Amino acid sequence: MSLINQLKPSSQLVKTSLSSHSWLGIVIGALMYVICLSGTLVVFFEEFERWEQPLVEEYLDYEIENIQSSILQVQSKVDVVPKTIYAVLPTVAVPRIHVATDEEEWFVNKDGSLAESPHVPWTEMLKELHIYLHLPSTLGIIIVACFGAFLVGLIITGLLAHPKIFKDAFKLRIGGSAHLEQADIHNRLGVWGTPFYFIIGLTGAYIGLVGIMGYSISASDVDKSLDDVIAAVYGADPVVLTKNDNTIELEPAFEYLAAQHPAATPIYIAYQNPGKDNQYFEVAATLPERLIYSEIYRFNIDGSFINHQQLSDGAAGRQLAYSVYRLHFGHFGGFGVKVLYGLLGLALSVISVTGINIWLTKRKRTTPINHIWTGIVWGMPTALMVALFCSFIIKDGLPIIFWASLIICIVFCLIIKKHTLSRLILMTTSAFLAISVIVVYYLIHQGGEVTAVAHGINLMILLVGLITLYRQRIQFNRL
Amino acid sequence: MAIKEILLWLAALMTSGLGVACLYLSWKGLSAVSKRITRIVALVFLYLSFYIFKELVGWEFALVFVAIIPVLFAWVLTFANRQIKNNKKITNKVPAIDNKTGWLTRVKDIWRFIVAIPLALIISVLLCTVLAFYLPMGEINRVILATFLLPILWGGLCSWVLADGQFKRSGLTLLILGMASFTTLYLM
């Protein structure tokens, strides 16, 4: 008997796994789709931020003294001395410098002067949708993390429920039975993408559930607080004894890094406890060939080296924990990896949709659930486009506009009660909104030097809009 | 980017594509040699792809690339292999076979939900907290491994509860596991 035959699950296991897979999928399908589709777009959040504010000065080369000056300007500008002042340095993905406290933020001009504050309402709305589902942050991140764990569960049951995994490896039947078509799309996209979905589910769950584990461990050990657990995992703050003046000296620190760690590329500076006895600063830097978000080098206020946080060479667990962010968001290896993540994320969204579609075709009766599902699937792009259009007009409240639009789309589908017609109207609306967004965008920014990235995104939006219109025209002719 | 680097990228992508293509040929039965040999050749190509990626970007990125890049080639081949059945005119008609659920099924579904989702989560957190103290390794590694195990354990327990027809048995097993974990933590 071949190994494959030996590994084949029993028919009873297949049946129960399929039942478990369907049950879990149906319960979480709608929100999973919202999280996956928003996550697919969030991969490109840096590009969207540049698109929303296209006139901010962009540059990759900078003078250390200008960064230092911008940090001091922030210190003098704020009423209450913040716990930390950040200076985020330019990268190829975002060639802009911005300085920030926990509450306020400004871009920095090339000469070191402070420019306008970031204003990216749609991208913020999108990020908050993916990370928190627009719920209060602690609750939201835990709920979204739970979906990461469910995804892991769905992968396990999905694989067990698929006895012909090798036999059907490249099989795709289109146009015949709706159930077979949906099942083939679901299985082919699902099986081949399993490693990616597992990475995304596991890292997403980790990001949200690490807090719960921290609380649980600190609650079980009377000698440990939550801060102790976090310090043990990510490294404790250094003990510093420095003279108490406000002059931060970045130059010696950057010289030290260039000499001792020439491969390290600084990405941000965090000035901790400014003006206090225990003030110091950290320089976070990416390292080549490493998935960790960064190594953090700590310096006294005069620029003398204290230590590094051992994120790159400490315990394997710490390195692993600090690698999940790049792995989850696809922020490594340049724009090509983002595109790859975008495609795989889109596939996961399609899997969420086809999973529910399989169940709906199996039910063999039409109830309001069918129309609600049509409203969610095709209403989501429409609601995102409505929110994007409104971001030109209003400053706050985009999450409300997004959810209100989605609810309106669902109600609309419930009234129309025809799947094909509802989809056609919703997608045509999305396409027209996409084209309108570009027109309004250029009207607003006429006269300014819009960046190439912004033009690129506009071109993508235009293409998506036109292709959608063309596809809907075909659907219309079939009606 | 140096020419050598560009060539290496192309070689990595090509070997990755060839690996998937060999799998496809074996699956289709189009290979000139036996299926087993074709599959071995496929694995060799995929390993070569990993090796070239490792030379280019280090083993951490290489592992990720080799896990996700072949997916695109596989999808392209799947799409190329699609069978198009007669394209029927789209209708809104759905065969009307009744499949209604009674109140007893709904109660069972609610019980299923409670056991599979919140209860399994609580038990998983307790179990992983025990692991965070007792796994045979350093403190940081223990905590991180236990945290990574949490979603896997929860996903696994959740799936098992849903797959097991006897909800009393699965519920009871979870409760016993939870009690044992809680007692271990209490006595610690």
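**Exercise 1. A salt bridge within chain A**

Task: Find which side chain meets that of Glu47(A) in a salt bridge, and state what the pair ties together.

Solution:
- Step 1. In this predicted model, the side chain of Glu47(A) forms a salt bridge with that of Lys338(A), at 2.9 Å, N to O.
- Step 2. Check the cut-off: a salt bridge needs a side-chain nitrogen of Lys or Arg within 4 Å of a carboxyl oxygen of Asp or Glu. The pair has 2.9 Å, N to O.
- Step 3. Place the residues. Glu47(A) belongs to helix H3 (residues 45–52) of chain A and Lys338(A) to helix H13 (residues 335–363) of chain A, so the bridge ties together parts 291 residues apart in sequence.
- Step 4. Put the pair in context. Over all chains, the structure holds 15 salt bridges.

**Exercise 2. The sheet of chain A**

Task: Give the strand order of the open sheet in chain A and say which strands stand at its edges.

Solution:
- Step 1. Write the order: E3-E2-E1-E5-E6-E7-E8, with 7 strands and antiparallel pairing.
- Step 2. Read off the edges. Strand E3 (105–108) and strand E8 (305–308) of chain A each have a single partner strand, so one side of each lacks a neighbour in the sheet.
- Step 3. Add the twist. From one strand to the next it averages 20°.

**Exercise 3. The E7–E8 hairpin**

Task: Describe how E7(A) is joined to E8(A), and find which residue between the strands takes a positive phi.

Solution:
- Step 1. Count the bridges. Strand E7 (residues 295–300) of chain A and E8(A) run antiparallel, joined by 3 bridges.
- Step 2. Name partners. Arg298(A) has Asn307(A) in E8(A) as its bridge partner. Phe299(A) stands opposite Phe305(A) in E8(A).
- Step 3. Look at the turn. The hairpin has 4 residues between its strands, and Gly303(A) takes a positive phi near 95°.

**Exercise 4. Helices on the sheet, and a helix pair**

Task: State which strands H4(A) lies across, then describe how H5(A) packs with H6(A).

Solution:
- Step 1. Start with helix H4 (residues 64–77) of chain A. This helix lies across strand E1 (84–88), strand E2 (97–100), E3 and strand E5 (265–272) of chain A, at about 145° to E1(A).
- Step 2. Helix H10 (residues 251–260) of chain A also packs on the sheet. H10(A) touches E5, strand E6 (280–286), E7 and E8 of chain A, and its direction makes about 135° with that of E7(A).
- Step 3. Turn to the pair. Helix H5 (residues 121–132) and helix H6 (residues 137–160) of chain A pack at about 65°, axes 7 Å apart.
- Step 4. List the contacts. His130(A), Ile131(A) and Tyr132(A) of H5(A) meet Ser137(A), Gly140(A), Ile141(A) and Val144(A) of H6(A). By class, these are 4 nonpolar, 3 polar and no charged.

**Exercise 5. The interface of chains A and B**

Task: Work out how much area is buried between chain A and chain B, and which residues of chain A lose the most.

Solution:
- Step 1. Count residues. 77 of chain A are in contact with 69 of chain B.
- Step 2. Take the area: about 6400 Å², with carbon and sulfur atoms giving 72%.
- Step 3. Find the leading residues. Trp23(A), Phe170(A) and Met213(A) lose the most area to chain B, together 13% of what that side buries.
- Step 4. Add the polar part. There are 12 residue pairs in polar contact and 2 salt bridges across the interface. Glu60(B) and Arg290(A) meet in a salt bridge at 2.9 Å, N to O.
- Step 5. Sort the side of chain A. Helix H8 (residues 194–220) of chain A gives the most, 14 residues. That side has 46 nonpolar, 16 polar and 15 charged residues.
- Step 6. Check for strands. Strand E4 (residues 173–174) of chain A runs parallel to strand E1 (residues 83–84) of chain B, joined by 2 bridges. Arg173(A) has Gln83(B) as its bridge partner.

Conventions: Residues are numbered from 1 along each chain as its sequence is written. Chains are lettered from A and ligands numbered from 1 in the order in which they are written. This is a predicted model: local features need pLDDT of at least 70, side-chain atom pairs count only at pLDDT 80 or more; totals for chains, interfaces and linings use all residues. Side-chain values use heavy atoms; hydrogens and water are left out. Axes are lines fitted to C-alpha atoms, for helices over the stretch in contact, and angles run from 0 to 180 degrees between N-to-C directions. Contact means heavy atoms within 4.5 Å. Ala, Val, Leu, Ile, Met, Phe, Trp, Tyr, Cys and Pro count as nonpolar, Asp, Glu, Lys and Arg as charged, and the others, Gly among them, as polar. Buried area is the accessible area (1.4 Å probe) that two parts lose on being put together, summed over both. A polar contact is a pair of N or O atoms within 3.5 Å; within protein, one must be able to donate a hydrogen and the other to accept it, and residues adjacent in sequence count only if both atoms are side-chain atoms. Two strands pair if DSSP finds at least two bridges between them.
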